[in-house]
Amino acid sequence: HRDLHSFPTRRSSDLGGWALIKSTWLSWMQYRSFFFLLAFGWMIPPLVYLFVWSEAAGGETLGGLSRGAFVAYYLILILVNQLTYAQTNWTVGDLIREGTMNVLLLRPVSVLYNTLAQEMAGKVVYMIFVVPVTVILALILRPEWSITWENTLAFIPALVLAWALRFFWGYALALLAFWATRADALLALQDALIFLLAGQVAPVALLPAPLQQAAILLPFRYMVGFPVEVLMGQLDGAGLLTGFALQAGWLAVTLVTFGAIWRTGVRRYSAVGG
């Protein structure tokens, strides 16, 4: 997935608006088998823990979740994880190190817009594979849904904020490649923390107390697990409001940090001949 930027796209200077997104999507569809394999690989860890926790629950409940509820939780988590995962962040370091960023900076379209076009196009390609697979799993595993209209309405902004937080947080880390050649290691660390604290290895309510407190305070839960908890109706009113406040707060901090790193990094990049 670190070679996504090498796939052919039309010049963004010749494009505008949705045309750039459409062009990027068409180029990605030429390599859909590769992206389907990536999507399947990202599904495997949640699937493993789906079977682990559903079997552990058996005919009883763990943390208030029955076997069917664990199945529902992890099927929703699979979709949320795919929708919020920012695969384009992994290419930023290569763009900087290889000098490809020069071409993007010279175009009349923002570099960020070009990345967002790839992000949106990639989501469509991935979901063409992920949604049918998840539906088939739901038919086989028979999850217990307890989704209400209220939870669904709250889930939509939670999902959008989760994607924005995960995207800009990862982008800010990737931009450290302006200074360090191994900035990708920080993205790997981020993914590890998301796996541990964002409800993937276990729902946050089942984590040991120290990890649970860390999950509530740090941003990683709000990149994946929080939208799942919202849709599942696992939060009371106070928990919902607190979660949204922390999610929005971390996003604000991330956007400010991203802007500062971008401006400083581009100046340095230009100064050394980028």
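Modeller: Start with a cut-off: a residue is buried when its relative accessible area is under 20%, and exposed when over 50%. Anything in between is partly exposed. Keep in mind that this is a predicted model.

Colleague: Let me try the cut-off on Gly-225. Is Gly-225 buried or exposed?

Modeller: Gly-225 has a relative accessible area of 0%, so Gly-225 is buried. Gly-225 lies in helix 10, which covers residues 225-232.

Colleague: How many residues along the chain separate Gly-225 and Tyr-73, and what is the C-alpha separation?

Modeller: The two are 152 residues apart along the chain, yet their C-alpha atoms are separated by 9.5 Å. Tyr-73 belongs to helix 3, residues 67-84. Tyr-73 also has a relative accessible area of 0%, so Tyr-73 is buried too. Pro-46 makes another such pair with Tyr-73: 27 residues apart in sequence, 9.8 Å from C-alpha to C-alpha.

Colleague: Which residues is Tyr-73 in contact with, leaving aside neighbours within four places in sequence?

Modeller: For contact, read heavy atoms within 4.5 Å. On that rule Tyr-73 is in contact with Gly-199, Pro-203, Val-228, Met-232 and Gln-234. Gly-199 has a feature of its own. This glycine comes just after helix 8 and takes a positive phi of about 90 degrees.

Colleague: Then on to helix 8. What span does helix 8 reach, first C-alpha to last?

Modeller: Helix 8 has 14 residues and reaches 20 Å. That is close to the 20 Å expected at 1.5 Å a residue.

Colleague: Which residues of helix 8 are buried?

Modeller: The general idea comes before the list. An α-helix has 3.6 residues a turn, so residues three or four places apart point the same way. Now the case here. The buried residues of helix 8 are Asp-184, Leu-187, Gln-190, Ile-194 and Leu-197. Down the axis of helix 8, these residues fall within an arc of 155 degrees, so they line one face of the helix.

Colleague: What do the buried residues of helix 8 pack against?

Modeller: Their partners are helix 4, helix 7 (149-174) and helix 9 (209-217).

Colleague: Asp-184 carries a charge label in my notes. How do I read a salt bridge?

Modeller: Look for a side-chain nitrogen of Lys or Arg within 4 Å of a carboxyl oxygen of Asp or Glu. The count here is four salt bridges by this rule. Asp-184 pairs with Arg-97, and the closest N and O atoms are 3.7 Å apart. Arg-97 sits in helix 4 (residues 89-98) and Asp-184 in helix 8 (residues 184-197), so the pair ties together parts 87 residues apart in sequence.

Colleague: Are Arg-97 and Asp-184 buried or partly exposed?

Modeller: They differ. Arg-97 is partly exposed, at 35% relative accessibility. Asp-184 is buried, at 3%. The pair also belongs to a network of salt bridges that links Asp-94, Arg-97 and Asp-184.

Colleague: Where do Glu-119 and Lys-123 lie?

Modeller: Both are in helix 6, four residues apart, about one turn of the helix. Their side chains meet in a salt bridge, 2.5 Å from N to O. Glu-119 is buried at 1% relative accessibility, and Lys-123 is buried at 11%. Arg-221 and Glu-229 form another salt bridge, again 2.5 Å from N to O. Arg-221 and Glu-229 are both buried.

Colleague: Helix 6 again. Which residues make the nonpolar surface patch of about 490 Å²?

Modeller: Patch residues need over 30% relative accessible area and no salt bridge. Val-131, Val-135, Ile-136, Leu-139 and Ile-140 make the patch. Take Val-131 as the example. Val-131 is found in helix 6 (residues 111-141). With a relative accessible area of 38%, Val-131 is partly exposed.

Colleague: Now zoom out. How many helices and strands are there in the protein chain?

Modeller: The protein chain has 11 helices and two strands. From the N terminus the order is α-α-β-β-α-α-α-α-α-α-α-α-α.

Colleague: What share of the 274 residues is buried?

Modeller: Buried residues make up 49%. The protein chain exposes about 12,600 Å², and carbon and sulfur atoms supply 69% of that area.

Colleague: And the contacts over the whole chain?

Modeller: Take contacts between residues at least 6 apart in sequence. Of these, 80% join residues at least 24 apart. The contact of Tyr-73 with Gly-199 gives you a place to look.

Notes:
Residues are numbered from 1 along each chain as its sequence is written. This is a predicted model: local features need pLDDT of at least 70, side-chain atom pairs count only at pLDDT 80 or more; totals for chains, interfaces and linings use all residues. Side-chain values use heavy atoms; hydrogens and water are left out. Patches are made of residues with over 30% relative accessible area and no salt bridge: like charges are joined within 9 Å, nonpolar side chains (Val, Leu, Ile, Met, Phe, Trp, Tyr) within 5 Å. Accessible areas come from the Shrake-Rupley method with a 1.4 Å probe; for residues, only the protein chains shown count as cover. Buried means under 20% relative accessible area, exposed over 50%, partly exposed in between (1.4 Å probe, protein chains only). The expected span of a helix is 1.5 Å times one less than its number of residues. The arc is that of the directions from the helix axis to the C-beta atoms.
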